[in-house]
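Q: Hi! Could you walk me through this one? I'd like to start with how helix packing gets described.

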Amino acid sequence: MAVATDEQKAICEMVRQFADEQIIPSAEHYDHEDSFPEPIVEQMKELGLFGVTIPEEYGGMGLDLTTYAMIVEELSRGWISISGIVNTHFIGSYLLMKFGTEEQKDHYLPKMASGQLRAAFSLSEPECGSDVQAIKTTARRLDDGDYEINGQKMWVTNGLLSGVVFVLTKTDPSADPKYKGMTCFICDKEPGAAENDGLTVPPKIKKLGYKGVESTELVFDGYRRPAESILGGEQHGLGQGFVQMMDALEVGRVNVAARGVGIAQRALELALKYSQERKAFGKQIAQHQAIQFKLADMATQVDAARLMTLRAAELKDAGERSDLEAGMAKLFASEAGRFCVEESFRIHGGYGYSKEYEIERLYRDAPLLLIGEGTSEIQRMVIGRKLLQRHKL
Ligand SMILES: Cc1cc2nc3c(=O)[nH]c(=O)nc-3n(C[C@H](O)[C@H](O)[C@H](O)COP(=O)(O)OP(=O)(O)OC[C@H]3O[C@@H](n4cnc5c(N)ncnc54)[C@H](O)[C@@H]3O)c2cc1C
């Protein structure tokens, strides 16, 4: 793994300060109210954080995946909901940058780089998440050349406040293999509006954690899109949706891994602080060996997760194959997040159960990372398959 460049160090320092001063002090308020952290998002726009990986010609910073992963770690250390607002936007911009037509890039990327337009992506449905090829949402070509989308989507992060959603549909439900009949549509919507000419956004889903950022269903009922809104255009994009989305999820895994590192790092910091403040049996609890062992295991997990995440990002940036490494980083770092949060929670004793302590929020937030963008079980399947591909007898 390469040493961080001066530019990367400066950007991380800036984002860490932003997290310390703006995110951490107000996260409790937005989490308890389950309200959208608008002022924080406005500042993120000013810092250019919505355009980190978007090329400079479109108004972004043009930075690589490695630097992006470092930024996500810092944001997630503050509050994973903040990194969630950026995450789906990052996947949307990746899809456009890699597969979009020139017209699509020119139309969307400048507004996305500034954060004026925020993106979501939507694969999951009420009856399927892991089994993406089982989706039922259809897009049917009409006589006038437009497509009509019908179906129901589930768990769309930023589903209400986003202005554009990358939606996976079936354009040929009888295709064999199934993935060849899947197409991704770029769907415009009015940010914040529940009704959008054939697209309804029901009230947000009530969740255990990951509050502040909304998760919603999307109900498509006769929602029309022109053929030009197929990602990559009708000629090149029809039937390519599954491949495009899986490619984006591979970089998304590095992103989720970075979120795991961030939440694990924060849990460690809270444990180091609390264990030196709290006394039991006449000394700081940090002086009890059982607590030191917990701290040692946590710090080791944080370091290993960070190194794996950065390695996967660097391989991708170097144009090398990184599917196996990204899957392993996502699996390890999300589990490290859960592990460190639980150990820190235990170190906090009864106070860990109180809403007055930050660890209580982390305890509710961490499990999401085990599920989103591929559960740990699915990661193991991906890793196993890739291992066998690389080591075929
Ligand atoms: C807060 C939140 C935000 C989300 N945001 C988005 C979003 O923005 N866009 C989006 O498209 N989706 C989103 N999701 C959906 C998420 O990607 C899915 O929940 C996830 O992929 C799992 O799918 P599922 O919930 O349908 O579980 P299922 O696929 O039904 O799985 C249930 C259980 O079975 C296991 N399982 C399934 N198949 C296998 C198998 N073959 N072998 C072994 N075990 C298996 C799973 O690991 C899991 O433990 C979000 C989810 C949450 C909770």
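A: Happy to! One definition before we begin: an angle under 35 degrees between helix axes counts as roughly parallel, over 145 as roughly antiparallel, 65 to 115 as roughly perpendicular, and the rest as oblique. Also keep in mind that this is a predicted model.

Q: Good, so at what angle do α3 and α7 pack?
A: Helix α3 (residues 65-78) packs against helix α7 (residues 241-277) at an angle of about 40°, and their axes are 7 Å apart. α3 and α7 are therefore oblique to each other.

Q: And which hand does the crossing of α3 and α7 have?
A: Right-handed.

Q: What about α4 and α7, how do they pack?
A: Helix α4 (residues 80-99) and α7 have axes 10 Å apart, at an angle of about 155°. That makes α4 roughly antiparallel to α7. The crossing of α4 and α7 is right-handed.

Q: Switching to strands: how many bridges join β2 to β3?
A: Four, between β2 (residues 138-141) and β3 (residues 147-157), and the two strands run antiparallel. For a pair to look at, R141 stands opposite Y147 in β3.

Q: What sits between β2 and β3?
A: Five residues, and the two strands form a hairpin. In the turn, G145 has a positive phi of about 95°.

Q: Which way does β8 run relative to β3, parallel or antiparallel?
A: Antiparallel, with nine bridges joining β3 to β8 (residues 215-225). If you want to find the register, the bridge partner of Q152 is V219 in β8.

Q: Now the part I care about, the ligand. Which residues come nearest?
A: G129, S130, T157, T375 and E377, out of 22 residues around the ligand. The elements giving two or more residues to that shell are β1 (119-122), β3 and α11 (376-390).

Q: Which of them gives the most?
A: β3, with three residues.

Q: How do the shell residues divide by character?
A: Nine are nonpolar, nine polar and four charged.

Q: And where does the ligand lie relative to the domains?
A: Between domain 2 (120-239) and domain 3 (244-390), because both give residues to the shell around the ligand.

Q: Great. Any backbone oddities I should look at? What kind of peptide bond joins D176 and P177?
A: A cis one, with omega of about 0°. P177 is in the loop between β4 (164-170) and β5 (182-188).

Q: And what is the phi of F281?
A: Positive, about 55°, although F281 is not a glycine. F281 lies in the loop between β9 (279-280) and β10 (283-284).

Q: Why point those out?
A: Because most residues other than glycine have a negative phi, and most peptide bonds are trans.

Key
Residues numbered from 1 in each chain as written. Predicted model: local features only at pLDDT ≥ 70, side-chain atom pairs only at ≥ 80, totals over all residues. Pairing = 2+ DSSP bridges. Near = placed C-beta within 6 Å. Nonpolar A, V, L, I, M, F, W, Y, C, P; charged D, E, K, R; others polar. Domains from an automatic or database assignment. Axes fitted to C-alpha atoms, helices over the stretch in contact; angles between N-to-C directions. Left-handed = near helix turned anticlockwise from the far one by under 90°.
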